[in-house]
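Let's work through some exercises together, pencil in hand. Try each task on your own before you read the solution below it.

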Amino acid sequence: MGPLGVCFFVLFLLLSASFSEGGTIGVNYGRVADNLPSPESVVQLLKTNNITHVKMYDANSEVLKALAGSGIKVTIMMPNQLLQTAAKSTVFAAWWVQYNVAAYYPSTNIQAIAVGNEVFADPNLTSYLVQAMINVQAALVKANLDKAIKVSSPIALSALQSSYPPSAGAFRQDLAQSVMMPMLQFLRKTGSYLMVNAYPFFAYEANSNDISLDYALFKPNAGVLDSGSGLTYYSLLDAQIDAVAYAMSALNYDDVQISISETGWPSEGDANEIGANVVNAAVYVGNLIERVVSGTCGTPKRPKCDMDVYLFALFNEDQKPGPTSERNYGMFYPNEQKVYDVDFVQGNSNSKSNNTNNGNSNGNNNSTGNVETWCIADPSAGKGKLQTALDFACGGGEADCTAIQPGAACYEPDTVEAHASYAFNSYYQKNGRERWTCDFGGAAYVVSQAPQIGKCTLPSN
């Protein structure tokens, strides 16, 4: 590569870096099981698999001690049964923070406290939630830990009165003014974020005749138009999160960030649990990791990738009640073997080889070799990101863009997505189909069948 090529390559890396700033991947460490490895073994498992963020469902002392010095960022939880006491007693809240947070920080890198989990499922606790959060925050201030540790509380999508289309998203009437408004005010004031538990699996399972599996698994699909906003969705998870974002907008809290505190897909289920199998679980988790690590975890309403995403769950938990799926969300068996192959840094390599990737194709393989492949634009990246990447490809990237000039053979359809696909593929083919050349900051992905763009078939060399 000559000096000019080096300059273009550096520019490309800088563009990719600017595209990719944002979210991180973490896991939920549930322990409703009688066969799990020791906390020390779990910490080693996390480190071996490059998992840097973990969320707990309590503040177990053995686990917090095992995490000390690991560098892993930790979210702990105040269990639901303590909320009423924490809301009524600032002394108790201060004791809880001192005993469960200050006693371990900073050796254990606690970064957040979840006050309860899906509290709205118990109407008797709902009225205590915000005050418990306020009292925990006050305890952090007293301990001089409020700048380092955030306070939030995970909500389920059942907190919404309506979620389809996303632009119609609204909180339930019994929650909007009495709970969500003061909670969002608290989150804004403290610089925290709203934790949301979102599971496309549940929506797909209940509506498999109407919802495309590809749409639920981040695989290439025709998209779903939200006629209220004019935005097109290519991911059911995006639609779910944006329904929450629109509900927040209705209360004038667009500035509060969202964190996906739980999401996952079961590897096994009962006969009536449609879609619960190991293949779909691998694709969902792999493609979601791919999106986040490539910087494409923004949504149509909130395109900036600023969300942390916590996968559910680290292990299959054999003592969880309910349908079979509840015991099979784990990415690892209790013996620490993977339930399916997934790379927490690059995503799932299987998803790319099977054309299921809907994001960045920067897998472990550096090249696609002699296999015929093409690079096309990912419409879920958004027009702004596609246009920036298109400008680079046709400019500094020296892609052959003559065919998409006005009046040329491949100018029609005259859309950013179509032109970007042509330019991205030219750059990709010109550079030997190296994986990194179909990155564009997560605005493109590799396919194994020749794409048709209008009347043009994209060339393969």
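The exercises below go from the whole chain to one helix, and then to cross-links and charged pairs.

This is a predicted model, in which local features need pLDDT of at least 70 and side-chain atom pairs count only at pLDDT 80 or more, while totals for chains, interfaces and linings use all residues. Residues are numbered from 1 along each chain as its sequence is written, and side-chain values use heavy atoms, with hydrogens and water left out.

**Exercise 1. The whole protein**

Task: Find how many helices and strands the protein has, and what share of its residues is buried.

Solution:
- Step 1. Take helices (H or I, at least four residues) and strands (E, at least two) as DSSP runs, numbered from the N terminus. The protein then has 15 helices and 17 strands.
- Step 2. Call a residue buried under 20% relative accessible area, exposed over 50%, and partly exposed in between (1.4 Å probe, protein chains only). Of the 461 residues, 54% count as buried.
- Step 3. Turn to the surface, using the Shrake-Rupley method with a 1.4 Å probe, where for residues only the protein chains shown count as cover. The accessible surface is about 18,900 Å², and carbon and sulfur atoms hold 51% of that.
- Step 4. Look at contacts, meaning heavy atoms within 4.5 Å. Among contacts with a separation of 6 or more, 71% are between residues 24 or more positions apart.

**Exercise 2. One side of a helix**

Task: List the buried residues of helix α5 and work out how they are arranged around the axis.

Solution:
- Step 1. Helix α5 spans residues 90-102, and its buried residues are F92, A93, W96, V97, N100 and V101.
- Step 2. These residues cover an arc of only 135° around the axis, which puts them on the same side of α5. The arc is that of the directions from the helix axis to the C-beta atoms.
- Step 3. Recall a general rule: an α-helix has 3.6 residues a turn, so residues three or four places apart point the same way.
- Step 4. Now find the partners: the buried residues of α5 pack against α3 (61-67), β3 (73-78), α4 (83-88), β4 (110-115) and α7 (129-142).

**Exercise 3. The disulfides**

Task: Locate the disulfides, and give the handedness of the links of C375 and C438, C394 and C401, and C410 and C456.

Solution:
- Step 1. Count a disulfide when a pair of cysteine sulfur atoms lies within 2.5 Å. A search of the whole structure finds three.
- Step 2. Start with C375 and C438, whose sulfur atoms are 2.1 Å apart. C375 is in strand β14 (residues 374-377) and C438 in the loop between α15 (416-430) and β15 (444-447), so this pair ties together parts that are 63 residues apart in sequence. The S-S torsion is about 85°, so the disulfide of C375 and C438 is right-handed. Both cysteines, C375 and C438, are buried.
- Step 3. Move on to C394 and C401, with 2.0 Å from S to S. Their link has -90° about the S-S bond and is left-handed. C394 is partly exposed at 31% relative accessibility, whereas C401 is buried at 7%.
- Step 4. Finish with C410 and C456, whose sulfur atoms are 1.9 Å apart. C410 is in the loop between α14 (383-394) and α15, and C456 is in strand β17 (residues 456-457), so the pair ties together parts that are 46 residues apart in sequence. A torsion of about -100° about the S-S bond makes the disulfide of C410 and C456 left-handed. C410 is buried at 11% relative accessibility, and C456 is buried at 8%.

**Exercise 4. Charged pairs**

Task: Count the salt bridges, then describe the one between K430 and E398.

Solution:
- Step 1. Apply the rule: a side-chain nitrogen of Lys or Arg within 4 Å of a carboxyl oxygen of Asp or Glu. The count comes to ten salt bridges.
- Step 2. For K430 and E398, the closest N and O atoms are 3.8 Å apart. K430 lies in helix α15 and E398 in the loop between α14 and α15, so the pair ties together parts that are 32 residues apart in sequence.
- Step 3. Check the accessibility: K430 is partly exposed at 48%, and E398 is partly exposed at 44%.
- Step 4. For practice, look up another bridge, that of R172 and D174, at 2.8 Å from N to O. D174 is partly exposed, with a relative accessible area of 47%.
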